Amino acid sequence: QEEARPRTCRSPIGGAAMLRTVSRRLVASSGVVGASASAPVAAGLRGHLPAARRCLSRLSDAASSSDDGTRNRRLWRWGGSAGMLGSEADAEVSKEPLLLDDVRGVTLAACGSSHSGFVVDGRLYTYGSNKYNQLGRSEGDLKVPGIVPFEEGAPLVTQAALGACHSAVITEGGDLWTWGWGGSFWYGAGALGHSGREGAATPTRVEKFVALGEKVKQVACGVQHTIVLTEEGHLYATGKGDFGRLGRGDTRDEAEFEEIDYFQQANDSILAPGETTNIVKVGAGNNYCAAMSSSGELWVWGRNDHGQLGLGEEAMGDMYSAESYPRLVRSLPSEGLRILDFTCGEHHLVVRTDSGALYEWGGRTWLEPHAVPIPEEHREALQNITKLEAGEKFSFALCADGTLFSWGSKASGCLAQGPDCLKIVVEPTPVPSSTFGHQKIVDIVASKSRCLAITVEDEFTA
């Protein structure tokens, strides 16, 4: 059966599309310079105007104060799912990217299953579903971006990751902060790592790493688990333990972060035999994890019902298959291929190798790495990929020249290929630059069916 978890974690939200419409209305009513005023405001949205006006003012002020060259970085959103939010029917659905008017100076962004966030001037803004306090704020209109309050004097946010019912950020100095749903008797541990099942309505520092004297370098969130990599090279995980997703050899829940010590004694490397495994990147999907070493090898663990672990026919990818210890994906290094980067989708993985090829597996399509077909006319551009991203049944590859490629299921609502694209796009296909106003894309993030892209408005692509 489907894994038990809080059903309301999937609740959709309304946010950026409304923000765009509201901000246009504000332009018409208040004379704000720099945005279109052509779109009317639906009667049902008039109550959001005061909150939107305050939010846009704060965002504009924050961006204006930035002097590090990020002032012209804009944010676009698309994807989402329809449904109910409280008693009000609300849908955040857009199959084409929409610019968040008056949001400028964005340095990084993150998507969760039903909420999103971005950073301006070192401060985090969130919007979306707040059923489990995953926004980290309760004041103002939650459907438009609002600033997340931290303790006075807290350092600036340098990295963010969002799950289904929780959120996590790293601040300058390597502190980890988490908030949201803390767990329950019926659904198991949350993914906050605060040693209990109490939720947190606002960002709360994870004191364990302070006590250990370790600085957190990376964080990734699954639906109900969190994994981190410290600057010392140690891996820790917390949250729901079923299917072995915490990588500790069992299926127990962990209310606080516990170390994954497998790599301290691992001897299964093919490309660097006899050497200590040095993990340089971690990732998390719905209910599984992945870790990449400096030698270019990938270890995976957790649930394998979609074949997302890429272990081939031995694992079969049935609804009960899982790995509770990290397992090396052997097929690629066995062919002498080194992995340069990877991304975890909801139920599939995409990797880039030193041969210039892309491989993917999972999604109940491939049980082991399968080469992604590359169109000959785009082969050169796809040799310069700067980032991979994936959600549920779709994938992205962002190239150095700002070209964004997408492939997967049209039904995901995230391909941004227009209404006439194929139902299944097999090959990486460039998203028309006109979709983003010909602005150069410098970052892309995705999770489940939500997408955000950062562009530079004074740099253009053909």
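**Exercise 1. In this predicted model, find what F436 is in contact with, leaving aside its neighbours within four places in sequence.**

Solution. Start at the F436 side chain and look for heavy atoms within 4.5 Å. Skipping those sequence neighbours, you'll pick up W76, W78, P97, L404, V431, I441, A453 and T455.

Now put F436 in its wider setting. F436 belongs to the largest nonpolar core, which has 30 residues. Along with W78, F396 and L404, F436 touches the most other members of that core.

Next, ask which elements supply this core. Those giving two or more residues are β1 (73-79), β27, β28, β29 (404-409), β31 (439-447) and β32 (450-460). The largest share comes from β28, with five residues.

One last stop: there's also a second, separate core of 18 residues, and A220, I260, A266 and W301 are among them.

**Exercise 2. Work out the strand order of the open sheet that contains β27, β28, β29 and β30, and say which strands stand at its edges.**

Solution. Trace the pairing across the four strands: the order is β27-β28-β29-β30, and the pairing is antiparallel.

Then check the ends. β27 (385-390) and β30 (424-430) each have a single partner strand, so one side of each has no neighbour in the sheet. From one strand to the next, the twist averages 10°.

Finally, zoom in on one pair. β27 and β28 (residues 394-399) run antiparallel and are joined by five bridges. Pick L388, and its bridge partner in β28 turns out to be A397.

**Exercise 3. Do likewise for the open sheet that contains β23, β24, β25 and β26, then decide whether β23 is largely enclosed or not.**

Solution. The order here reads β23-β24-β25-β26, again with antiparallel pairing. β23 and β26 (366-371) are the edge strands, each pairing on one side only. Ignoring direction, neighbouring strands are turned by 15° against each other on average.

Take the pairs in turn. β23 and β24 (residues 348-353) are antiparallel and share five bridges, and a hairpin joins the two through three residues. D341 has R352 as its bridge partner in β24. Moving along, β24 pairs with β25 (residues 358-362) over five bridges, also in the antiparallel sense. Here H348 stands opposite G362.

Now for burial, where the cut-off is under 20% relative accessible area. In β23 (residues 339-344), five of the six residues are buried, so the strand is largely enclosed by the rest of the structure.

Note on methods. Residues numbered from 1 in each chain as written. Predicted model: local features only at pLDDT ≥ 70, side-chain atom pairs only at ≥ 80, totals over all residues. Heavy atoms only, no water. Buried < 20%, exposed > 50% of the residue type's maximum accessible area, 1.4 Å probe, protein only. Pairing = 2+ DSSP bridges. Axes fitted to C-alpha atoms, helices over the stretch in contact; angles between N-to-C directions. Core = buried A, V, L, I, M, F, W, Y, C linked by side-chain atoms within 4.5 Å.
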